[in-house]
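Q: I've just opened this model and want a close look at a single part. Please take me through the salt bridges, and then place them in the rest of the chain.

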Amino acid sequence: MKILIENYIQQNHSILDFLNRMSDLYQDGNEVIPAFVEKLKETQFNPALGNSFAELLQLSENEEIYRQFELVNISELYQSLIKVQEANIDNYIDAGYFEFSIMDNPAKAKEIAMLGLEMAKQKVAQLEALLSNISEE
């Protein structure tokens, strides 16, 4: 089990290092997308890469890249990220902005934002309870 945990941590560090390296090139989605595709395959589509990948797809100005998907695919990707990482507030924020600004769907954006706010409130309450328990000791 110890080796499994260490491998998990190593993969997390690898993903963080990758995201840090790519952040300098981020605005040029055409350059970064092929590296992201390889990293996604290498990590078996680790959801920690999902938001950044969705954003890069939106930034792509390369017709060869953006011809391979439709905007609804990005919407579906965001929805899957929300389901698999329901406590990741960034997923709600990015999905909400995408639905509002790109998909021109304010109703769906509002629904996503409300769900995100509810999740955030639950997590804040849990953290406050933890702090309260710590203070009592």
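A: Let's begin with glutamate 99, which counts as buried because its relative accessibility is 2%, under the 20% cut-off. Keep in mind as you look around that this is a predicted model. Glutamate 99 sits in helix H6, which covers residues 89-102, and its side chain forms a salt bridge with that of lysine 108, at 3.8 Å from N to O. The cut-off for a salt bridge is 4 Å, so this pair counts. Lysine 108 belongs to H7, a helix of residues 106-136. With a relative accessible area of 27%, lysine 108 is partly exposed, whereas glutamate 99 is buried. So one partner is covered and the other shows some surface.

How many salt bridges does a search of the whole structure find? It turns up two. The other one pairs glutamate 42 with lysine 39, whose side chains meet at 3.2 Å, again N to O. Both residues lie in helix H2, residues 29-42, and they are three positions apart, so about one helical turn separates them. Which of these two partners is buried and which is exposed? Lysine 39 is the buried one, at 7% relative accessibility, while glutamate 42 is exposed, at 55%. If you put the two bridges side by side, the buried partner is a glutamate in one, namely glutamate 99, and a lysine in the other, namely lysine 39.

Now step along from each bridge into the loop that comes next. Past H2 there is a loop that leads to helix H3 (50-59), and glutamine 44 is in it. The phi angle of glutamine 44 is near 55 degrees, a positive value in a residue that isn't glycine. That's worth a second glance, because most residues other than glycine have a negative phi. Glutamine 44 is exposed too, with a relative accessible area of 68%.

The loop between H6 and H7 holds a similar case, aspartate 104. Its phi is also near 55 degrees, and it isn't a glycine either. Aspartate 104 is exposed, with 62% relative accessible area. As for the bridge at this end, glutamate 99 and lysine 108 sit on either side of the loop that contains aspartate 104.

To get a feel for where glutamate 42 lies in the fold, a couple of C-alpha distances help. Glutamate 42 and lysine 121 are 79 residues apart along the chain, and 35 Å separates their C-alpha atoms. From glutamate 42 to serine 80, 38 residues away in sequence, the C-alpha distance is 19 Å. Serine 80 is in helix H5 and is partly exposed, at 37% relative accessible area.

Right beside serine 80 in the sequence is leucine 81, also in H5, which runs over residues 71-84. Leucine 81 is buried, with a relative accessible area of 4%. What does leucine 81 touch, leaving out residues up to four places away in sequence? The list is Pro47, Gly50, Asn51 and Asn91. Take Asn91: asparagine 91 is ten residues from leucine 81 in sequence, and their C-alpha atoms are 6.5 Å apart.

For a contrast, follow H7 on towards leucine 131. This leucine is exposed, at 52% relative accessible area, whereas leucine 81 is buried. Leucine 131 joins Leu127, Leu130 and Ile134 in a nonpolar surface patch of about 410 Å².

Finally, zoom out to the whole chain. The chain has seven helices and zero strands. Its C-alpha trace spans about 60 × 45 × 25 Å along the principal axes. Of the 137 residues, 28% are buried, and glutamate 99 is one of them. Among contacts with a separation of 6 or more, 54% link residues that are 24 or more positions apart. The accessible surface is about 9,600 Å², and carbon and sulfur atoms account for 55% of it. On the charge side, the chain carries 10 positive and 23 negative charges, whose mean positions are 5 Å apart.

Key. Residues numbered from 1 in each chain as written. Predicted model: local features only at pLDDT ≥ 70, side-chain atom pairs only at ≥ 80, totals over all residues. Heavy atoms only, no water. Helix = DSSP H or I, 4+ residues; strand = E, 2+ residues; numbered from the N terminus. Buried < 20%, exposed > 50% of the residue type's maximum accessible area, 1.4 Å probe, protein only. Contact = heavy atoms within 4.5 Å. Areas by Shrake-Rupley, 256 points an atom, 1.4 Å probe, with all protein chains shown as cover. Lys, Arg positive; Asp, Glu negative; His and termini not counted. Charge placed at Lys NZ, Arg CZ, Asp CG, Glu CD. Patch = residues over 30% accessible without salt bridge, like charges linked within 9 Å, V, L, I, M, F, W, Y side chains within 5 Å.
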